[in-house]
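User: I've just opened this one and could use a friendly tour. Can we go through it in questions and answers?

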Amino acid sequence: MNSIPSIDTADKYVSYLSRLTQRDPGRRSALRRGLGRPVEDAVVRKAHAVVAPWLPTRPGRAVESAYYSVAALIAAQPSARREQAPDTEPAAPPATPEGQEEPKRTRSSIGGTLGVVVRDNKLNPVTVEARLHLLCRQDVTGLHRQLPGLVRHLSTKEIAPDWGRLLVDLSSWERRRDLVTKKWLQDFYRAMNSTTDHNDSESENQ
């Protein structure tokens with residue numbers, strides 16, 4: 001059974017966490033305490049009430065760890081950089097003209113996000129590259145121990161990864177680690193070496 005969440009499920013989970021951590025400081029604190037810790041750690045116990053209802057029936061270690069880590073990482077973000085959760089219903093999106101497709105949301109792996117930050121001279125390229133390669137060599141336990149430091153690096157520049165994409169990638173670690181790490185590294189080097197003009201010309205040719 002494939003327990004890896006779809007990107008839609010991942011986005012719904014992220015939205016839920018964003019609302020919860022904005023409105024409930026106690027839950028936010030409980031989630032944040034699990035940062036970098038294994039799911040079975042006693043410190044994580046209070047996070048189960050938030051995360052467990054979202055888990056598949058038989059998640060496997062990678063999937064289970066992914067849900068808990070993403071929750072802890074979002075809870076650890078400064079409030080200004082957590083997704084706002086308005087108390088009122090959002091306005092209806094503008095109608096798409098007939099015959100035109102709705103614009104697709106741009107998704108980015110954590111590698112692509114890091115590459116953009118390096119390209120824009122916001123972080124040291126040598127340090128970031130070394131951290132990313134170290135992360136790509138980890139097993140599930142090491143991955144979740146190392147990940148908070150890398151995300152904290154982004155946070156210092158007021159940038160957060162695409163949480164939904166990250167949840168899917170982390171969930172895939174046990175079965176598809178080589179594919180995930182290849183994607184992260186390719187996205188990193190593409191973004192790091194990209195320019196606005198180059199990206200514009202690529203878009204025109206697609």
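Analyst: Sure, here is a run through some contacts and helices, one question at a time. This is a predicted model, where local features need pLDDT of at least 70, side-chain atom pairs count only at pLDDT 80 or more, and totals for chains, interfaces and linings use all residues. Residues are numbered from 1 along each chain as its sequence is written, and side-chain values use heavy atoms, with hydrogens and water left out.

User: Let's start with Gln-22: which helix is its place in?
Analyst: Helices here are DSSP runs (H or I, at least four residues), numbered from the N terminus. Gln-22 falls within residues 7-23, and that run is helix α1.

User: Is Gln-22 buried, partly exposed or exposed?
Analyst: The cut-offs use relative accessible area: buried is under 20%, exposed is over 50%, and partly exposed is in between (1.4 Å probe, protein chains only). Gln-22 comes out at 26%, so the label is partly exposed.

User: How far apart in space are Gln-22 and Ala-75, C-alpha to C-alpha?
Analyst: Along the sequence, 53 residues separate Gln-22 from Ala-75. In space, their C-alpha to C-alpha distance is 8.9 Å.

User: How many salt bridges are there?
Analyst: A salt bridge needs a side-chain nitrogen of Lys or Arg within 4 Å of a carboxyl oxygen of Asp or Glu. By that rule, the count is eight.

User: Which residue forms a salt bridge with Asp-11?
Analyst: The closest N and O atoms of this pair are 2.8 Å apart, and the partner of Asp-11 is Arg-107. The two belong to distant parts of the chain, 96 residues apart: Asp-11 is in helix α1, while Arg-107 is in the loop between α4 (60-76) and α5 (110-119). Asp-11 is buried at 18% relative accessible area, whereas 29% makes its partner partly exposed. So the residue you're after, partly exposed at 29%, is Arg-107.

User: Which helix holds both Asp-169 and Arg-165?
Analyst: These two form a salt bridge, with the closest N and O atoms 3.3 Å apart. Asp-169 is buried at 8% relative accessibility, and Arg-165 is partly exposed at 25%. They sit four residues apart, about one turn of the helix, and that helix is α8 (residues 163-171).

User: Arg-190 and Asp-187 form a salt bridge too; which helix do both lie in?
Analyst: Their closest N and O atoms are 3.6 Å apart. Arg-190 is exposed at 53% relative accessible area, while Asp-187 is buried at 11%. They are three residues apart, about one turn, in helix α9 (residues 173-192).

User: What kind of aromatic pair do Tyr-16 and Trp-54 form?
Analyst: Rings of Phe, Tyr and Trp (its six-membered ring) pair if their centres lie within 6.5 Å; planes under 30 degrees apart are stacked, over 60 edge-to-face, and the rest tilted. The structure holds five aromatic pairs. In this one, the centres of Tyr-16 and Trp-54 are 5.2 Å apart with 35° between the planes, which makes the pair tilted.

User: Which parts of the structure hold Tyr-16 and Trp-54?
Analyst: At 23% relative accessibility Tyr-16 is partly exposed, and at 27% Trp-54 is partly exposed as well. Their pair ties together parts 38 residues apart in sequence, because Tyr-16 lies in helix α1 and Trp-54 in the loop between α3 (48-51) and α4.

User: Which residues of helix α2 are buried, and what covers them?
Analyst: The buried residues of α2 (residues 25-32) are Arg-28, Ala-30 and Leu-31. They cover an arc of only 160° around the axis (taken from the directions from the helix axis to the C-beta atoms), so they are on the same side of α2. With contact meaning heavy atoms within 4.5 Å, their cover includes α1, α3 and α4.

User: How many of the residues of α8 are buried?
Analyst: The buried ones include Trp-163, Leu-166 and Leu-170. Among the elements that cover them are α1, α4, α5, α7 (140-155) and α9. The helix is mostly covered, and the count of buried residues is eight of nine.
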